[in-house]
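Colleague: Please take a close look at one part of this model, the second chain and the way its helices sit in the whole. A single connected account would suit me best.

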Amino acid sequence: MKRFVPRWLARVFSMKDGMWDDAMAAPMLDCESVMRQLWDYVDAELTPERMKDIRMHVEMCKRCYPQYEFERAFLDAVSARRRTHSDPERLRASVLAALQSKGLSEA
Amino acid sequence: MHNDVPAREGTGGRDHEFRVEALRWLPEVTRFALSLERDEADADDLVQETFLKAYEAWHTYTPGTECRGWLFTICRNACYKRRKREERHVRCDDPELEALAAVAVHAAAQQGGLADLFSRFDLSDAIDAAIAALPEAFREVVILVDVNDQSYDSAAALLDVPIGTVRSRLFRARRLLQEALITHARDAGLVRSPRKAGIPGQEPR
C-alpha cells in the first residue's frame, strides 16, 4: 500500500516507499500493542476507536502490514472452506417430512 | 422424543412461528452441520435431528431472541452427544501471548519463502485436513468463528465458555493451522525456488 508522502517528511520519520520504515515511528500505537490485538482487529472485534487506531498503524507500518496481509489471506483461505450442500431442496423436503411426522402442520 | 409438545398459542400459531423463525435458518444450520460432519449423509441426519429437537423444545425458545444461535447450540450438542466426545477441556494460554506467537509463525513463513503461501496456492485439501486434525476444543471455535462467521460473543454463548477462552482457543487454533500448512507447503515443495530468486548454486527443496 503506497501513499504519497513528501520526501522530507519521509526522511524525518524514517519512511521508505510511503510506508513507515521504523515501526516505532508509526502513529499512535507501537507494533507490539498492534500485534497483541491483530486477530481482534482482523475479526473486527474491537471498539470503533481501537479499530481506527490499529488501521492507521497497520496501513502505515512496514513491519505490521505484511503480518496483517498474511493473517488476512490465511482467514480468507479458511473461510473459503465453507461447504455447501449438494442438494439443499432434498434436505429441506426430508426435514419438513420428519417434522410433519412429529405434528408440524402443513403450510 | 415426545409428541405431547406444550403449545404456545395453539398448534397452528406455534407451527407458524416455528416455520418463520426456525426453518428460515435451515441453510445456515446445514452449513454448520457440514462443518461438524465430514460426511454429507451424517450432516443431513444432524440437521434433521436438530430441527426435530428444536420443534420439541420450541416452547422453551423466547421469540425474538437469537434463533440461529439457539439452533446452532442444539446442533452442536446433538453432534457431540452422538460422538460421545472425549475430554474436551484443554489448557488455555493468554490470548495475547497467542496473538504474539503469530508473529513468529509469520517470520518462519517469510524465512521459508512462504510469506504469500495463503494467497498464492490452493491449499483447500490441506486446510480441511489441518482443521480435522485439530483437537476438538480448538476445532469447534475455528468452525464457529472462521468458517461460520460467528462473533466471539456468539461463540462464547454457544460453547458456554468465557469470551477469553474463545479468544485463546481461536488464536491457538489458528497458529496450529498455520504451522501445519507451512509444514505441508514445505513437504509439498511449494517453497519459492532459490534458483528463480537468483541465488545460484542452491537447489530448491
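Modeller: In chain B of this predicted model, 68% of the contacts between residues at least 6 apart in sequence join residues at least 24 apart. The chain has 10 helices and zero strands, so the order of its elements from the N terminus is α-α-α-α-α-α-α-α-α-α. Of its 205 residues, 38% count as buried.

Helix α8 of chain B, residues 136-147, is largely enclosed by the rest of the structure, because 11 of its 12 residues are buried. The buried set consists of A137(B), F138(B), R139(B), E140(B), V141(B), V142(B), I143(B), L144(B), V145(B), D146(B) and V147(B). Within chain B, these buried residues pack against α2 (26-36), α7 (124-133), α9 (152-159) and α10 (163-187). They also pack against α5 of chain A. After α8(B) comes D149(B), with a positive phi near 60°.

Helix α4 of chain B covers residues 67-83. With 17 residues at 1.5 Å a residue, α4(B) should span 24 Å, and its end C-alpha atoms are indeed 24 Å apart, which agrees. Buried in α4(B) are W70(B), L71(B), F72(B), I74(B), C75(B), R76(B), A78(B) and C79(B).

The partner of α8(B) in the other chain leads to the interface. There, 33 residues of chain A are in contact with 40 residues of chain B. On the chain A side, at least two residues each are supplied by α2 (31-36), α3 (38-42), α5 (64-79) and α6 (88-101). Helix α5(A) gives the largest share of that side, 10 residues. By class, the side of chain A that touches chain B divides into 17 nonpolar, eight polar and eight charged residues.

Helix α5(A) also has a neighbour within its own chain. Helix α4 of chain A, residues 48-60, packs on α5(A) at an angle of about 105°, with the two axes 6 Å apart. Angles of 65 to 115 degrees count as roughly perpendicular, which is why α4(A) is described as roughly perpendicular to α5(A). At this contact H57(A), V58(A) and E59(A) of α4(A) meet C64(A), Y65(A) and Y68(A) of α5(A). The contact of α4(A) with α5(A) has four nonpolar, one polar and one charged residues.

Helix α5(A) thus ties the two views together: α5(A) packs with α4(A), and the buried residues of α8(B) pack against α5 of chain A.

Methods: Residues numbered from 1 in each chain as written. Chains lettered and ligands numbered in written order. Predicted model: local features only at pLDDT ≥ 70, side-chain atom pairs only at ≥ 80, totals over all residues. Contact = placed C-beta atoms within 7 Å. Helix = DSSP H or I, 4+ residues; strand = E, 2+ residues; numbered from the N terminus. Nonpolar A, V, L, I, M, F, W, Y, C, P; charged D, E, K, R; others polar. Axes fitted to C-alpha atoms, helices over the stretch in contact; angles between N-to-C directions. Parallel < 35°, antiparallel > 145°, perpendicular 65-115°, else oblique. Expected span 1.5 Å × (residues − 1). Buried ≥ 20, exposed ≤ 12 C-beta atoms within 10 Å, placed from the backbone.
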